[in-house]
Amino acid sequence: MINGCLQTDLKLRMETFCLRAMKRLFLDKILVWQVLQARSLSGADAVNALRPFYFAVHPDFFGRHPREREVNENSLKRLNGYLENLQKPGFRSFKPTQLTFYVRETEQQSLDSQESLSTPGFRAVSITLNTRDLRSTVLDILDSCSLSTEHVQSSNVTMDSQSHKGGPGTFYRPIKWDKTYYTFTGFKDPEEELEQAQKVETALISWLDMNENDAKKKLKNSLPLREELERLKAELSYQLQLSNIRWQRSWGIAHRCSQLHSLSRLAQQSPEVLRNAKGRTVIFTDRSGVSAAGHVMLGTMDVHHHWTKLFERLPSYCNLQRKQMILEDRISHLLGGMQIMYMEELQPLLTIEEYYSTLDSFYSRLLSQRLSFHPRSLRGLQLILEKDHYAPRLHELGHFMVPTICDPASLHWFILTKAQEARDKLNRKDELKVNERELTKSCTDKFSLKRLYKDPSVSSAQMIHCCKRLLEKPLPYLQGMHLCISYFYSVLQDGDLCIPWNWKI
C-alpha cells in the first residue's frame, strides 16, 4: 500500500515537472519569436527607414550630372530588386553584390542652402549587399552612407534595441521630418526639394532657347576632340582587327580619347598579346573581363598589367563559351525550344562567369520540377534571364523576362498564358524598329542634326512618340546639334543636348 502511494506521488511529481518544463520551453519559444519579430522589418518599414538614403541619392536631384544620375538609377534598380527578393518566401542569399551611389551632401551652411545643384555636392559611396534580412540590409546601407541609423534601431523597444543603445529604460523616438526644423535651421527640406523637382515641368522650347548658346559653345570646343576620337577608334579597330569599340557609360569625349590612347600604348608595347582580340568587340567599362556576349571588357580604373593579363587569357575563355552555349541549349529543350538570349541593352553588363552561374542556377531549378512543354512548341519565342526581380514579365518587344529564382510552376503558367501575346509582339518588333529608324532619320534631316540618338533605357515606342511630336514643331535651335532622347533636360559637357522623351510644350 505504502509502495503504491509512493509510486503515485512520484508519478504526480514527474508529470508536474514535465508540464513545467514544457511550459518553460513554450514560453522560451514565444520569447524567441517575439525577439525575432522585433528585430525584423516589413517592406513598408524598410522603405520608411531608407527615406534619408533615398533623398540623398534620388536621380531627380542629379539632372545636371547625367553620369551620376545614370549610376544612381541603375544601382537603385538593383537595390530595389534585392530588397524585394528578401521579402519573398524561400529566399536564398546571393553572392555579395557591389553597388555604387553618388550621395548628396545634405549638411550645408545656411549660405549654401540657396545654391542649386549646378556645383557638384556629392560623393561616391560603395555598398556591399550580403545580408539575409531587411533590417541588417537597411542598417548596412545607412551606415555605408554615413546616415543616422537611430530611427531603425529605436523603432522596436526591445531588449535587443536597448543593448544597442547602452542601457535599459532609454526610449528613442523615430525621426520625423518636421517642417519647423528646416524653417528654424535654414537647412533644405529634402521632401520639399524632391516634390519641387518632380513638379517643375520645363517647356521644351523655352529650355532650348535658354541653353542653345551654352550647348553650341561646348560643342564647338569639343570638335577637335571628337575628330581625334574617331581617328583613334578607326586606327585601333584596323590595327587590332576589332569588330567594334564601345563604351558602357556616357563618359565625355576627353575621357574616351584618354582610354583609347592607353589601349594604343598597350598595343605598341605588347602587339603579340593583343592579337588575341582579333574579331572581338572591346567595351570600356568599370571592370575587366569577358562579357556574357563574348566581348572584351576593359576596366577604366585598371592598369596596363591587368589588361595584358586579360588579353593573354582570352583563348582560355573559348571552353567556357562552349559550355555556356550547351547550357543554353539544355534550358531551351526544357522550355519547348524557346531561345535563351543575353541582350546588353536589356540586362546589366555581366561577365561570362556570372552569366554561366546564372544559367546553371536556373537550369537546376528547372530540373527540380520538370515542366510539361511540348517539344518545340515554343520555338520562335525568346527568354532573357534577370537576377533583380521576382516575378516574370513580358517585354514590349516580346521577350520573356524571367528571374532566376522564379518558381518553375508559376513560370510554366505564365508562359502558356502569354505565349500568343509574345508572338504578336515579336512580329511587331521589326515593324517597330523600322518605324523608329525612319522617324529618327526624318528628324535628323528636318532639323539638320549632326546626330540623333537615344538613351539605352528609352524604349522604341517612347522614341517613336517623341520623334512624331518633334516633327510637328519648328525647332531652329537644333541645327547642327547632337540630340539625345532621355528622361531629363541637360547639356552634356561636350555640347550634346538631352531632352526627355515625353517633353512638354
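Trainee: Where does S457 lie?
Mentor: S457 belongs to the loop between strand 11 and helix 17. These elements are DSSP runs numbered from the N terminus, a helix being H or I over at least four residues and a strand being E over at least two. The model is predicted: local features need pLDDT of at least 70, side-chain atom pairs count only at pLDDT 80 or more, and totals for chains, interfaces and linings use all residues. Residues are numbered from 1 along each chain as its sequence is written, and side-chain values use heavy atoms, with hydrogens and water left out.

Trainee: Why is S457 called partly exposed?
Mentor: The relative accessibility of S457 is 34%. Buried means under 20% relative accessible area and exposed means over 50%, with partly exposed in between, for a 1.4 Å probe and protein chains only. The value of S457 therefore falls in the partly exposed class.

Trainee: With which residues is S457 in contact?
Mentor: Leaving aside neighbours within four places in sequence, S457 is in contact with Q462 and Y487; contact means heavy atoms within 4.5 Å. In addition, the C-alpha atoms of S457 and S486 are separated by 7.9 Å, although these residues are 29 apart along the chain.

Trainee: How do you know that strand 11 and strand 12 pair?
Mentor: Two strands pair if DSSP finds at least two bridges between them. Strand 11 (residues 451-454) and strand 12 (residues 482-486) have 4 bridges, in the parallel sense. K454 is placed opposite I485 of strand 12. Between these strands the chain passes through helix 17 (residues 460-471), in a β-α-β crossover that is left-handed. For reference, a crossover is right-handed if, with the strands pointing away from the viewer, the path from the first strand over the helix to the second runs clockwise.

Trainee: What makes K454 and E436 a salt bridge?
Mentor: A salt bridge requires a side-chain nitrogen of Lys or Arg within 4 Å of a carboxyl oxygen of Asp or Glu. In K454 and E436 the closest N and O atoms are 3.1 Å apart, and the pair meets that limit. K454 is in strand 11 and E436 in helix 16, so the salt bridge ties together parts 18 residues apart in sequence.

Trainee: Is E436 buried or exposed?
Mentor: E436 counts as buried, because its relative accessibility is 10%. K454, in contrast, is partly exposed at 24%.

Trainee: What links R246 to E344?
Mentor: Their side chains meet in a salt bridge with an N to O distance of 3.0 Å. R246 is in strand 3, whereas E344 is in the loop between strand 7 (339-341) and helix 15, and the two are 98 residues apart. R246, at 30% relative accessibility, is partly exposed, and E344, at 21%, is also partly exposed. The structure holds 14 salt bridges, including one between R275 and E272 at 3.2 Å, N to O. Both R275 and E272 are exposed. E228, R231 and E235 are linked in a salt-bridge network.

Trainee: Why are strand 3 and strand 5 said to stand at the edges?
Mentor: They belong to an open sheet of 4 strands in the order 3-4-6-5, with mixed pairing. Strand 3 (244-247) and strand 5 (289-290) each have a single partner strand, so one side of each lacks a neighbour in the sheet. Strand 3 pairs with strand 4 (residues 281-285) in the parallel sense over 4 bridges, and the bridge partner of N244 in strand 4 is T281.

Trainee: Which residues of the largest nonpolar core touch the most other members?
Mentor: L335 and F400 do, out of 33 residues. A nonpolar core is a set of buried Ala, Val, Leu, Ile, Met, Phe, Trp, Tyr and Cys residues joined through side-chain atoms within 4.5 Å. Among the elements that each supply at least two core residues are helix 14 (317-334), helix 15 (352-368) and strand 10 (400-403). Helix 16 gives the most, with 6 residues. Beyond four places in sequence, the contacts of F400 include M338, L383, I384, F414 and A422.

Trainee: Why is Q324 called buried?
Mentor: Q324 has 7% relative accessibility and therefore counts as buried. Its place is in helix 14. Not counting residues up to four places away in sequence, Q324 touches A292, I352, Y355, Y356 and L359.

Trainee: How many residues does the protein have, and what percentage of them count as buried?
Mentor: Of its 505 residues, 43% count as buried. The protein has 17 helices and 14 strands.
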